[in-house]
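Trainee: Please give me a close look at one part of this model, the loop surroundings of a single helix, and then follow its connections outward. I would like the cut-offs behind each term as you go.

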Amino acid sequence: MSKFLDYKLTALKPYTPGEQPKEMQRLIKLNTNENPFPPSPKVIEAVSQAIENLNLYSDPNCTKAVSAVAEFYNIKNSNVFLSNGSDEVLAFVFHGLCPNGAAFADITYGFYKVFAAMFGVQKSIVPLDNEYKINIVDYKDLQETIFIANPNAPTAIVLTLSEIETLLRQNYNRLVVVDEAYIDFGGESAVKLIEKYPNLLVIQTFSKSRSLAGGRLGIAFAQDELIADLNKMKFSFNPYNVNSLSLIAAEEAMKDKAYFESCREIILKNRSYLIENLRLLGFRVLDSAANFVFVGQNEKITAEEYYKALRENNILVRYFPDERISDFVRISIGTAAQMQCLIQVTKNILEGINP
Ligand SMILES: *Cc1c(COP(=O)(O)O)cnc(C)c1O
């Protein structure tokens, strides 16, 4: 730390991203919930052609990509905001839309508490219940801006749309942010509720279901006034927040519904296979509505041992040492071959024969 750093940031503990190994050949990477499939061929083609325009600034209004998103959801362009990853929308929300603090679960996306610290926002932590579920009534009397990851991470458990609606109705003077990074893998999106609720802001990402984690693309959905607030912050910070290649990628990815559906279908199938086989091997697997599973509590092996044994066998998964969830690992859903390999390696580990 230099002597120049503002005292406000001396205690800041940054987010720890999952490992991004440089040597990928021998590794099966199931630690950051990326999509195992490449972007749509139409994305690859369009982005390749767009490279020659990199001398020009990107469109600060993101018009074409915003239109493609609006069309996909059958809403107005003025209800859509695009960002440099959904983490950027979250940053704007913590910075400017949490006048009474922020409330979120004890076990949820780890970045929320980092943003709260970064932007000096008071946080109120609401514990999940004993089954690792978000209990809507626990949020009833809170005045803070509420952040709900739905499906939640890393538990993969989803709330119903009517539970989200209950949360919105509890207090119209309080903003509710629904982070739908994984909604395409299960559950019902709250985007259809934005027309009805001025206190709703829905966030999605292209990083998981649309195979564009490296493109850094996030979306916010809300009524016009909230979108205008986000634009006010963006144009006071980085008007060209989304680069031109990513804008092209976003547009094409949204338009190629067939590719999106086919990747999603395979991932859901592989998820069923993985859950079934891990349960047969004695693991507890929480019901998953996401492209990952939360797995553990096997009598034969601790989660930490399992994580390390997988690592020795070149399979990367995520382990969180936090007290309440240290008996689980999070495994991203990969290709069928990757899932079969994971199950075989797990069998070997449990039998004590590490090849
Ligand atoms: C992955 C993830 C994000 C961040 O997505 P980016 O668009 O890649 O920044 C946000 N929220 C949750 C719950 C996530 O899992």
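Mentor: What follows begins with Tyr109 and the helix after it, and then moves to other loops, the cores and one helix pair.

This is a predicted model, in which local features need pLDDT of at least 70 and side-chain atom pairs count only at pLDDT 80 or more, while totals for chains, interfaces and linings use all residues. Residues are numbered from 1 along each chain as its sequence is written, and side-chain values use heavy atoms, with hydrogens and water left out.

Tyr109 sits in the loop between β3 (102–105) and α4 (111–118), where helices (H or I, at least four residues) and strands (E, at least two) are DSSP runs numbered from the N terminus. Not counting residues up to four places away in sequence, Tyr109 touches Tyr15, Asp87, Leu90, Asn152, Ala153 and Asp179, contact meaning heavy atoms within 4.5 Å. Pro154 is 45 residues from Tyr109 in sequence, yet their C-alpha atoms are 7.0 Å apart in space. Pro154 belongs to the loop between β5 and α5, and the peptide bond leading to it from Ala153 is cis, with omega near 0°. The loop between β5 and α5 (161–170) also holds Pro151, which is joined to Asn150 by a cis peptide bond with omega of about -5°.

Turning to the helix itself, Phe111, Tyr112, Val114, Phe115 and Ala116 of α4 are buried; buried means under 20% relative accessible area, exposed over 50%, and partly exposed in between, with a 1.4 Å probe and protein chains only. These buried residues of α4 pack against α3 (86–96), β3, β4 (123–126), β5 (145–149) and β6 (176–179). Just after α4, Gly120 adopts a positive phi of about 65°. Tyr132, in the loop between β4 and β5, likewise has a positive phi of about 65° although it is not a glycine, and its relative accessibility of 8% makes it count as buried.

The cores give the wider setting, a nonpolar core being a set of buried Ala, Val, Leu, Ile, Met, Phe, Trp, Tyr and Cys residues joined through side-chain atoms within 4.5 Å. The largest of them has 56 residues, and those with the most contacts inside it are Val69, Leu82, Tyr139, Leu200, Phe206 and Phe221. Leaving aside neighbours within four places in sequence, Leu82 has contacts that include Val69 and Phe206, as well as Cys62, Ala65, Asn241 and Leu247. A second, separate core of 37 residues includes Phe37, Ala156, Leu278 and Ile301.

Ala156 leads on to Ser288, which touches Ala156, Arg271, Ile275 and Val293 when residues up to four places away in sequence are not counted. Ser288 lies in the loop between β9 (284–285) and β10 (292–296) and is buried, because its relative accessible area is 13%. A polar atom of the Ser288 side chain lies 3.1 Å from the backbone nitrogen of Ala290, and the backbone oxygen of Phe292 lies 2.7 Å from a polar atom of that side chain.

Further along the chain, α9 (residues 303–312) and α10 (residues 336–350) pack at an angle of about 115° with their axes 10 Å apart, where axes are lines fitted to C-alpha atoms, for helices over the stretch in contact, and angles run from 0 to 180 degrees between N-to-C directions. Tyr306, Ala309 and Leu310 in α9 meet Leu342, Val345, Thr346 and Ile349 in α10. After α9, in the loop leading to β11 (315–316), comes Asn314, with a positive phi of about 65° although it is not a glycine; at 21% relative accessibility, Asn314 counts as partly exposed.

Finally, Asn31 lies in the loop between β1 (28–29) and α1 (41–50) and is buried, with a relative accessible area of 2%. Its side chain is joined to that of Lys29 by a polar contact of 2.9 Å, the term denoting a pair of N or O atoms within 3.5 Å, where within protein one must be able to donate a hydrogen and the other to accept it, and residues adjacent in sequence count only if both atoms are side-chain atoms. Beyond four places in sequence, the contacts of Asn31 include Gly18, Glu19, Leu316, Arg318 and Ser332.
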